[in-house]
Amino acid sequence: MGERRGRVPGRWRSAGSALLRVITVWAVSTLTLLALAGLLPDFQLQSADGDSVTRTALTAAWGAGAFGLLGALVWPLIVRALLLVPALVLGLLVFFLNGSLLLVALWLIPDGRGAAAPETAVVVAAVMSAVASATSTALAVRDDDAYRRRLYRLTDRTRPRTARAGAGPVPGTVFLQLDGVGHRVLCDAVADGRMPTVAEWLDTTHTLTPWRTDWSSQTGASQLGILHGSNEDVPAFRWYEKDTGRLMVSNRPASAVELQRRAVERTGDGGLLTLDGASRGNLFSGGADQLALVLSMAARRGRRNRSRSGYFAYFSDPANAVRTAGSFVAEVLREMVQSTRARLRRASPRVSRGGLYPFVRAFATVVERDVVVAAVMGDILAGRTAVYADLVAYDEVAHHSGPQGPDTDQVLERLDRAVALIAKVAEHAPRPYRIVLLSDHGQSPGETFESAYGLTLRDLVRAGCGLPVPRRVRRTPWGHPRTESGGGSEARDAARDALRSALHRPVDGDTDDAAAEAAAVAAARAPEPVVLASGNLGLVSFPGVPHRMTREEIDRLHPALLRTLAHHPGIGFLLVASEEHGSVVLARDGVEVPVAALAEGPEAAEGSRGAADGPLAVFGPGAAEAVRRTDGFPHVADIMVNSMYDPETGAVHAFEQQIGSHGGLGGEQARPFLMWPRELPAPPEEPVGAEQVHQVLRGWLREGHGPQVPLEISPSSGRVEAFLPVDGPAVRDKNG
């Protein structure tokens, strides 16, 4: 009885504090409305004949109260009705929808004393929402219980879930992926004071190590391996599959769900997050039940499957929506200013940053970040066991601004603040949490292949195949003085000779005219090659041939192609099958190394030019093994092309329009990081490949939890659909 009596006064005190906060927010909102009415000419709170101060204050109080109630009751319904609207459009609609609610609130004022022009209503509503949110937060911070309740509300949670029997104080784990942040970039940012939260953790609680990616150093391959334990047969970010005639692109929904299906079928379990997990902002679900902004989820069919709960949880609070929309506009303007400054400085290297890019960047750095962070906060407050979230802001900006510089420095600072916010919320969670930071790849700088040499990889391949090429390709000055590293005059002469041969120009030594004519006729009848770019990794496939073509077949069909590619100073090496040697690596100066003879040191087979002294040596440890592994993939391209790499500058040449790139071998793109709390066991050695990272993370989840995927729910090959976020057939991508 005494305990019950003790709880009653506590409840009354809590209710009284909540009522006091509501009254305070209402009063501040009323004062804000009065101030705006005095400052803005198209906004009034008085009748045409004028009103007393008291009457005007009552009108403002009525309007502020009506606007607050509409925001609490009507706004969530509006957002839920707009869940099918793309996030980019929803973000732009926020201002106008909030302004419409203000007009309704003014219309509800008795005697028609409130009025505002539509454009003015948008401004007033934005200011009102921001002030109300700031006031509520400031009051809640002084009260731990109130602050916790506010966090629950902002993340669409009413209370933490009841802990499972026997769970006790076992900690949960949050994996935060800082997309594209390489190990060196992170270390430099910590040393320069741009990431104080990460720096403090490294000094007190966490350990940092790099890890090596596979040859395909990009999110599709890395995240599939990390979340699902297998990235087998993912040769690049995009590739052509001859058996299905399908173009696979990692960031297309139908491709993502197919890759996830294959991984689940191959491994026999649902993924890293199958047991009480949440996947936020990722390409793949990891087997999680709770999903938000997961690309493979976008391939769902049916009304039920299109729900975007992550958006609703965040945008259901009008203050969140207004703040994000305002930050979105500010980010668009920031990108325009930064790109203009780069043009005026004639910064080099540089790529085009016009068109829709400012809006794409703003979505990645603002909308995606805010929604994912809010979703992670909700997962923590709900006490979920495992959460994996991807923050893509740095990767998007680095592609167009370069891996290091003022533009990316600002993004790293904001990422550090997001990490700090998540850690702060974890202090109010119903269970302790361990936060692991990691990245899926790094980025390597460098001028684009087209900028350096005046043509694209596709142009070069077409020239080598004797196909028509743009006029500018015929005038290309091979061996551009800015990019003559590593090739030498002999390599440039070879490239020039190969190109002249490809363009049907006379070359000294051409004696077999009949054979050349026959090859030209055969090439004219063959389908055009499919040329794809994944950062500084290129793929060339011949769709008219059902199998992987060999070097000998390619030489018979296009005699100049392999020579044109291998001798070009912007290309580091080629991988191609061979009837005689199985598969070979080709490079400049006539270098040819059988893949079977590639080795990491002096143990290379005697008489062969292995990785220790061959074309892969410059790409660092692990390059030979990465190439060997990819060579065994069923869907490896007929010709795999890796750009040159300058170890002194760390530069590569992307085959697409990126001055910070990843996708192949060469430099920091293949050196991401892994950072974990010291209470967790350290990996026995530096992880090599995303699949090894998966094993490390799975081991950490087993600490105190038992197997992450119990054997009795591990799917057979016929039940893999149970672990996919798709009830029916996946929607096919266009062109694929």
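Where is Thr385 found? In this predicted model, Thr385 sits in the loop that runs between helix H13 (357–382) and strand E9 (386–391). Despite the loop setting, there is little solvent to see from here: Thr385 counts as buried because its relative accessible area is just 1%, against a cut-off of under 20%. The Thr385 side chain has polar company, too. One polar contact, at 2.7 Å, joins it to the side chain of Asp276, and another, at 3.5 Å, joins it to the side chain of Arg431.

Turning to the aromatic residues, the count comes to 8 ring pairs. One of them brings together Phe449 and Tyr453, whose ring centres are 5.2 Å apart and whose planes meet at 50°, making the pair tilted. Both residues belong to helix H16 (residues 449–453), where they are 4 residues apart, or about one turn of the helix. An α-helix has 3.6 residues a turn, so residues three or four places apart point the same way. Phe449 and Tyr453 are both buried as well. Elsewhere, ring pairs tie Trp215, Phe573, Phe619 and Tyr645 together into a cluster.

Helix H8 (residues 196–204) offers another look at buried side of things. Its buried residues are Thr197, Val198, Ala199 and Trp201. What do the buried residues of H8 pack against? The list mixes helices and strands: helix H7 (183–191) and helix H15 (406–426) are on it, along with strand E4 (206–210), strand E10 (433–438) and strand E21 (673–677).

How values were computed: Residues are numbered from 1 along each chain as its sequence is written. This is a predicted model: local features need pLDDT of at least 70, side-chain atom pairs count only at pLDDT 80 or more; totals for chains, interfaces and linings use all residues. Side-chain values use heavy atoms; hydrogens and water are left out. Rings of Phe, Tyr and Trp (its six-membered ring) pair if their centres lie within 6.5 Å; planes under 30 degrees apart count as stacked, over 60 as edge-to-face and the rest as tilted. Helices (H or I, at least four residues) and strands (E, at least two) are DSSP runs, numbered from the N terminus. Buried means under 20% relative accessible area, exposed over 50%, partly exposed in between (1.4 Å probe, protein chains only). Contact means heavy atoms within 4.5 Å. A polar contact is a pair of N or O atoms within 3.5 Å; within protein, one must be able to donate a hydrogen and the other to accept it, and residues adjacent in sequence count only if both atoms are side-chain atoms.
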